[in-house]
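The following exercises are to be worked with the sequence and the three-dimensional structure at hand. Each task is followed by a solution in steps.

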Amino acid sequence: MDKKKENVKRILSALIGFPLVLVIFIFANNIWMDIAVSILSIICVYEYFKCFEQSKKYNPSSWIAYIVSVLIAFESFVTPDIVKDVMISIIPISILVLAIELIFSNGKKNIMDIGVTIFGICYIPMMLSFLSFIRNMEGGKILIWYPIIAAWGSDIWAFVIGRHFGKHKYTDISPKKTIEGCVAGIVGAVIMSMIFTVVINNVWNVGLNYIAIGAITAVLSIVGQIGDLTASSIKRHCNIKDFGEILPGHGGMLDRFDSVIFIIPFAYISIILFIL
């Protein structure tokens, strides 16, 4: 009975959340898109650092990650060259600031706290910022859906097939995941991206190459599953089930976007190299 209630929560949460994502991706201008990504990053940063702080093992400096998350909201107000320069500078500046904080912390900070903080900055705001990069490029309103399809399509197919037909487990990080589910996730994501490509090619005469889209989606699906397992590893290390409770049936925002976060930068690279 509890599983049925949990599934109902997942479905209702998806029915509410997906239209919101749809509205933002289709109708929001670049400024509002950047603001939406910034807010998403702030929530995910909060959930990420909260799990490490609750573990009582670490004392990370989350304030730097919040600053980087806020900066995403201002991407549309500056030139692409400035955005590029800022992104290149963020990590070395962050390391310098954290090193200074470490030196003058009187033993309250250690090198592991710096590691957790730097990974959080790279993992969430810096990787999520590519969501705005894709949406703001030429044809971005269409192209932005490919990483989403690769991530959530893979999640759905892997969950459904793995749950009913999965027999061969492949990692202790997430014991419920199976090889059958992993393969189904890749195949399912490719099928969904092909259907989407057929629609946009025929309705909007976009002219995307099906082979390229299929190959890119397969790679992105694998990357997304690595992202999902990375998030699972963090939760396992901090001894928590979910990053939060903001999405009933799904957990926290980071639980829902863990695979998307990993996929976004590689989707951007793939689009630049093989599509545009």
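A residue is called buried when its relative accessible area is under 20%, exposed when that area is over 50%, and partly exposed in between. The model examined here is predicted.

**Exercise 1. Classify the ring pair formed by F119 and Y123, and state how accessible each residue is.**

Solution.
Step 1. Locate the residues: F119 and Y123 both belong to helix α5, where four residues, about one turn of the helix, separate them.
Step 2. Consider the geometry. The ring centres of F119 and Y123 are 5.3 Å apart and the planes stand at 25 degrees, so the pair is stacked. The cut-offs used are centres within 6.5 Å and, for stacking, planes under 30 degrees apart.
Step 3. Compare accessibility with the limits above. F119 has a relative accessible area of 36% and is therefore partly exposed. Y123, at 1%, is buried.
Step 4. Place the pair in context. A search of the whole structure gives 13 aromatic pairs. F119 and Y123 belong to one aromatic cluster together with Y48, F49, F52, Y58 and F262.

**Exercise 2. Describe the largest nonpolar core and determine which helix gives the most to it.**

Solution.
Step 1. The largest nonpolar core comprises 65 residues, and Y48 and Y123 have the most contacts inside it.
Step 2. Helix α5, residues 111-136, gives the most to this core, namely 13 residues.
Step 3. Examine the surroundings of Y123. With neighbours within four places in sequence left aside, Y123 is in contact with Y48, G227, A231, I234, L254, D258, I261 and F262.
Step 4. Relate this to a general tendency: in soluble globular proteins, nonpolar side chains tend to be buried together.

**Exercise 3. Assess the length, enclosure and N-terminal end of helix α5.**

Solution.
Step 1. At 1.5 Å a residue, the 26 residues of α5 should span 38 Å; the end C-alpha atoms are 37 Å apart, which agrees.
Step 2. Of those 26 residues, 20 are buried, so α5 is largely enclosed by the rest of the structure.
Step 3. The N-terminal end of α5 is capped by N110, which has a side-chain oxygen 2.9 Å from the backbone nitrogen of M112.

**Exercise 4. Carry out the corresponding analysis for helix α2 and the residue K56 just after it.**

Solution.
Step 1. Helix α2 covers residues 30-54, and its 25 residues should span 36 Å at 1.5 Å a residue; the end C-alpha atoms lie 36 Å apart, in agreement.
Step 2. At the start of α2, a side-chain oxygen of N29 comes within 3.2 Å of the backbone nitrogen of I31.
Step 3. Just after α2, K56 has a positive phi of about 65 degrees. K56 lies in the loop between α2 and α3 and, with a relative accessible area of 73%, is exposed.
Step 4. For comparison with general expectation, most residues other than glycine have a negative phi.
Step 5. Turn to N205, which also has a positive phi, near 55 degrees. N205 is found in the loop between α8 and α9 and is exposed, with a relative accessible area of 66%.

**Exercise 5. Establish how many disulfides the structure holds, and explain the state of C44 and C238.**

Solution.
Step 1. The structure holds zero disulfides. The criterion is a pair of cysteine sulfur atoms within 2.5 Å.
Step 2. For C44, the nearest cysteine sulfur is that of C51, 12 Å away, and C44 is in no disulfide. C44 counts as buried because its relative accessibility is 0%.
Step 3. For C238, the closest cysteine sulfur is in C51, at 3.8 Å, which is too far for a bond. C238 is buried as well, with a relative accessible area of 5%.

**Exercise 6. Identify the contacts of V260 with residues beyond four places in sequence.**

Solution.
Step 1. V260 lies in helix α10, residues 253-275, and counts as buried at 0% relative accessibility.
Step 2. Leaving aside neighbours within four places in sequence, V260 is in contact with I148, A151 and W152.
Step 3. Between V260 and I148, the separation is 112 residues in sequence and 6.5 Å in space, C-alpha to C-alpha.

Note on methods
Residues are numbered from 1 along each chain as its sequence is written. This is a predicted model: local features need pLDDT of at least 70, side-chain atom pairs count only at pLDDT 80 or more; totals for chains, interfaces and linings use all residues. Side-chain values use heavy atoms; hydrogens and water are left out. A nonpolar core is a set of buried Ala, Val, Leu, Ile, Met, Phe, Trp, Tyr and Cys residues joined through side-chain atoms within 4.5 Å. Buried means under 20% relative accessible area, exposed over 50%, partly exposed in between (1.4 Å probe, protein chains only). Helices (H or I, at least four residues) and strands (E, at least two) are DSSP runs, numbered from the N terminus. Contact means heavy atoms within 4.5 Å. The expected span of a helix is 1.5 Å times one less than its number of residues. A polar contact is a pair of N or O atoms within 3.5 Å; within protein, one must be able to donate a hydrogen and the other to accept it, and residues adjacent in sequence count only if both atoms are side-chain atoms. Rings of Phe, Tyr and Trp (its six-membered ring) pair if their centres lie within 6.5 Å; planes under 30 degrees apart count as stacked, over 60 as edge-to-face and the rest as tilted.
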